[in-house]
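Let's take a walk through this one, starting with the charged pairs and finishing with how far to trust the coordinates.

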Amino acid sequence: MPAPKKTARRSLLVTSAVLSSLALAAPVAVAAPKPSDSPSASASPSATPPASMSSVGGARLGRPGTQVNLASGVPVLPKDVSARSWIVADAESGDVLAAHNAHWRLAPASTLKMLFADTLLPKFPSDTKHKVVPADLAGIGAGSSMVGIKEEETYTVHDLWLGVFLRSGNDAVHVLSAMNGGVENTVEAMNEHAEELQALDTHVVSPDGYDAEGQVSSAYDLTLFARSGMQKKDFREYASTVRAKFPGQTKKGKKGKKVRESFEIQNTNRLLAGDSDVPVYQGIAGVKNGNTTNAGATFTGVAERGGKVLLVTVMNPEKPEHNEVYKETARLFDWGFKAAGKVQPVGELVPPKGAAQAKPGANPSGEAGGSGDGGGGTTGTGSKPVAGAPTEDGSSGIGTALGITGGVLVLLAGGAFLVNRRWPLPDLVRRRTRP
């Protein structure tokens, strides 16, 4: 089906009739065959995209190759992007500005943890405590990334989520899955949530993104997961945390008393934390990276500049250079910010099946485990911590909230997309220097 036509700009104030039409006129989800039905859908896909892919979000997104509407005044796409699949989208409107094999089903690696978090975050208050037993850590794949969880030690849910987001800890994922009734139950819940989000390229086998036969997603679906997750206050805070203290193992001190020290963990998202060959990207505020043998490097990021908020997903760059996935993401972000407002979209990020119009007075924070002020990080005294300043639990988060200006924001909270509400985004634009 053809990509829906949109006006070049959207007013912040729209009539109730337009709001209703946005909520109800979601495109029909037309997907390619499910991975379980396709013998070619595996953790190791072919070197070329299929000739026909899903048309969710617009017909052009289902075509192989690069899709972009170049015209006078629209900057040319960067030529040095080698990823098998990528997408650049407006996080507010859902407009897809450009894409390359957007619906190609590929191994997602740890970017799948965005779906894991979006599915499980609302289920446990952050101060819930859990004592780890050996069964919680069973079935973790060899060579998995780990945060360092120890058996017979007690952790809060807050600790576990820091382990998931910062260190991509598969041990933290398995403990949270055990709290949720086990891996099988969690995988089922993730697949159901993906279907609700209309992420029909995705088939979950392992909740941590570890390579598994038949486990696939796409740049389009990963972008849907990021968009849904980043509209939850606690998801935003975890995804934008640069470094934090994590509980260590209990040991006997010099006087025989039990002592439990902590150690520092740092976010492995290089556009957020920086590296020797990758500077912190101006305006970055998350989201998640991944890397496995079959997936290669994968990454989804969100960034804000000049009132524009973009999502970029990059899957499996062919160039073997160090940190290539972040370098290509940065180039696509640069293009997107220059092209926003000038380029005609080639498709859209669809809302969930249960999309509904916002109700007056609805809480937009989407904070799991309790109500939130929707302010994106204000303290109890009303002050706003400077980005990168330590929080009470010792984590270095991005606490300053940005209200998105302009556009129609489709906001997920309480199981419904709320239209025309502000999405407080952690601020990394000007307030933090490279670590």
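This is a predicted model, and counting side-chain nitrogens of Lys or Arg within 4 Å of a carboxyl oxygen of Asp or Glu gives twelve salt bridges. One of them joins Lys308 to Asp90, at 3.8 Å from N to O. Lys308 sits in strand E10 and Asp90 in strand E2, so this pair ties together parts that are 218 residues apart in sequence. The two ends differ in setting: Lys308 is partly exposed at 26% relative accessibility, while Asp90 is buried at 7%.

Next up is Glu152 with Lys131, whose closest N and O atoms are 3.8 Å apart. Here Glu152 belongs to the loop between strands E4 and E5, and Lys131 to strand E4. Glu152 is partly exposed at 45%, and Lys131 is partly exposed at 47%.

Then there's Arg331 and Glu324, paired at 3.1 Å, N to O. Glu324 is buried, with a relative accessible area of 5%, whereas Arg331 is partly exposed at 22%. Asp80 joins these two in a network of salt bridges.

Now for helix H5, residues 183-196. Its 14 residues should span 20 Å, and its end C-alpha atoms are indeed 20 Å apart. Its buried residues are Thr186, Val187, Ala189, Met190, His193 and Ala194. They fall within an arc of 160° seen down the axis, so they line one face of the helix. That set packs against helices H2, H4 and H6. Just past H5, Gln198 takes a positive phi of about 65°.

How much confidence overall? Mean pLDDT is 79, with 71% of residues at 70 or more. Over residues 357-394, though, pLDDT is below 50. Where pLDDT is low, don't read the predicted coordinates in detail.

Notes: Residues numbered from 1 in each chain as written. Predicted model: local features only at pLDDT ≥ 70, side-chain atom pairs only at ≥ 80, totals over all residues. Heavy atoms only, no water. pLDDT = per-residue confidence, 0-100. Contact = heavy atoms within 4.5 Å. Helix = DSSP H or I, 4+ residues; strand = E, 2+ residues; numbered from the N terminus. Expected span 1.5 Å × (residues − 1). Buried < 20%, exposed > 50% of the residue type's maximum accessible area, 1.4 Å probe, protein only. Arc of directions from axis to C-beta.
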